[in-house]
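Here are a few exercises to try with the model open beside you. Work through each task first, then compare your steps with the solution.

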Amino acid sequence: MSFETISVIGLGYIGLPTAAMFASNQRQVIGVDVNKHVVDTINAGKIHIVEPELDLMVKEAVEKGFLKATCSPQSADAFLIAVPTPLLPADSPNSTPQPDLTHIQSAAKSIAKVLKKGDLVILESTSPVGTTEKMSKWMAEVRPDLSFPQTHDEASDIRVAYCPERVLPGHVIRELVNNDRVVGGMTGACSTAAIELYKLFVEGECVVTNARTAEMVKLTENASRDVSIAFANELSIICDNINVDVWELIGLANRHPRVNILQPGPGVGGHCIAVDPCFIISAVPHDAKLMATARHVNNSKPSWVVEKIKLAIANILIMDSEKTVSELKIACYGLAFKPNIDDLRESPALSIADQVIDMHSGVVMLVEPNISKLTENYNDDLLVDFDVASCEADIHVLLVDHTEFKGRRPIAGQIIDTRGIWK
Ligand code: SAJ
């Protein structure tokens, strides 16, 4: 089996680094994305996301002719699908949102047109259990002339596997190489082909299972982290009530050899931990009680932080009766969903900043060192430097523990530190 040409569908936070890894291993890589701006940016040797080392890898791969991007799929020996699987809006406030598989469906149908006998198709997008089987059926509907694993088992023309990505944003390149991979082929032959493909750059172990288990592994990893963070967030609320420093508490408890509590924060963000547990909960709502509660605890943390801000405003006004609300300046430090990245998706920090902008009649300042411009929904004046905010604001709300915020802190004003770095 040789994979001379590899196509990656979806050139986002996972697809683009994966495409760059294959290209830097001298394979011809065709990146496919529906967004023309993304395609043009990559073909110009540039990138549209922030990820250490990725810019140089893409530049070199494009210059050497190993990576090109296009809006429509072309023939290749292997296809990797890394498109988003967002959640659909919930039907009611109490129902769990359902996953939206339309991007996978349209990717599968579009690559089906260019498939040839012997090709390998791998789904990497985080997906509910059973999606790989559905994807294979969608491709079979378009190509009745080819055989697929669900009908022809080991003898199928097309090999299909689910292999979840597990890389941590900010460390993607290193983790793509070093992490172990779970390889869930629909048949043994599918797994063997997928391992051969990943071994082009993966130095971690490739562990074989079936597609359904591989899908559940990915969901389980992120649901487990969500539950652990919910425990830390609940502790932070309890500690605030009983006047105990939660960070000192966790540091001390973690000295126990079998205790490893995670860190509290303003809530859980990103496109994975805050989303993936819902893929389990929506499938088995009566059984996934702990996961549903964890989601509720983490989802309600931003509102708790906003209440803290309201309390700080009230306290200042009580202490200084000359002041009016509109004279108070509030600074929010950090908008990204976690430290040292520019990614605002599902960011609790951004949601808190939005609520502050909506509720506060005075000046609001946003400090986000990883972003030079906010979207058109925001006034350009909102984004200010750390030094301006830390000198001028009356209330300082630390939302993300970016490296730039460590080792310096505002000298005056009230501090609401959701990350425990300005203690
Ligand atoms: N967070 C806390 N406290 C913590 C750890 C995280 O509040 O102690 C918050 C972060 O601030 C952030 C959110 O959780 O808002 C998620 O951040 P994260 O660093 O836990 O995870 P992600 O979303 O960047 O990446 C996760 C990783 N999954 C696990 O660690 C199990 C990564 O390995 C996955 O590849 C990724 O999801 C994914 O793509 O699914």
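**Exercise 1. Find which helix gives the largest share of the shell around the ligand.**

Solution. Start with helix H9 (residues 211–242), which supplies five residues, the largest share of that shell. Helices here are DSSP runs of H or I with at least four residues, and strands are E runs of at least two, numbered from the N terminus. The model is a predicted one, where local features need pLDDT of at least 70 and side-chain atom pairs pLDDT 80 or more, while totals for chains, interfaces and linings use all residues. Residues are numbered from 1 along each chain as its sequence is written, and side-chain values use heavy atoms, without hydrogens and water.

Next, look at the whole shell: 20 residues surround the ligand, with Glu165, Val167, Lys218, Arg225 and Phe337 coming nearest. To be counted, a residue needs a heavy atom within 4 Å of the ligand. Finally, sort the shell by class: nine residues are nonpolar, three polar and eight charged.

**Exercise 2. List polar contacts of the ligand with Lys218, Phe337 and Arg419.**

Solution. Search for pairs of N or O atoms within 3.5 Å.

- Lys218 places a side-chain N or O atom 2.4 Å from a ligand oxygen.
- Phe337 uses a backbone N or O atom, 2.6 Å from an oxygen of the ligand.
- Arg419 brings a polar side-chain atom to 2.8 Å from a ligand oxygen.

Then turn to area: the ligand alone exposes 770 Å², and the protein buries 89% of that (Shrake-Rupley method, 1.4 Å probe).

**Exercise 3. Count the aromatic pairs and describe the one formed by Tyr333 and Phe405.**

Solution. Take ring centres of Phe, Tyr and Trp (its six-membered ring) within 6.5 Å; planes under 30 degrees apart are stacked, over 60 edge-to-face, and the rest tilted. The count is six aromatic pairs. Tyr333 and Phe405 are edge-to-face, with 5.8 Å centre to centre and 85 degrees between the planes. Tyr333 belongs to strand S9 (residues 330–333) and Phe405 to the loop between strand S11 (395–398) and strand S12 (414–417), so their pairing ties together parts 72 residues apart in sequence.

**Exercise 4. Locate Gln26 and give its phi.**

Solution. Gln26 is in the loop between helix H1 (15–24) and strand S2 (28–32). Its phi is positive, near 60 degrees. Most residues other than glycine have a negative phi.

Key:
A polar contact is a pair of N or O atoms within 3.5 Å; within protein, one must be able to donate a hydrogen and the other to accept it, and residues adjacent in sequence count only if both atoms are side-chain atoms. Ala, Val, Leu, Ile, Met, Phe, Trp, Tyr, Cys and Pro count as nonpolar, Asp, Glu, Lys and Arg as charged, and the others, Gly among them, as polar.
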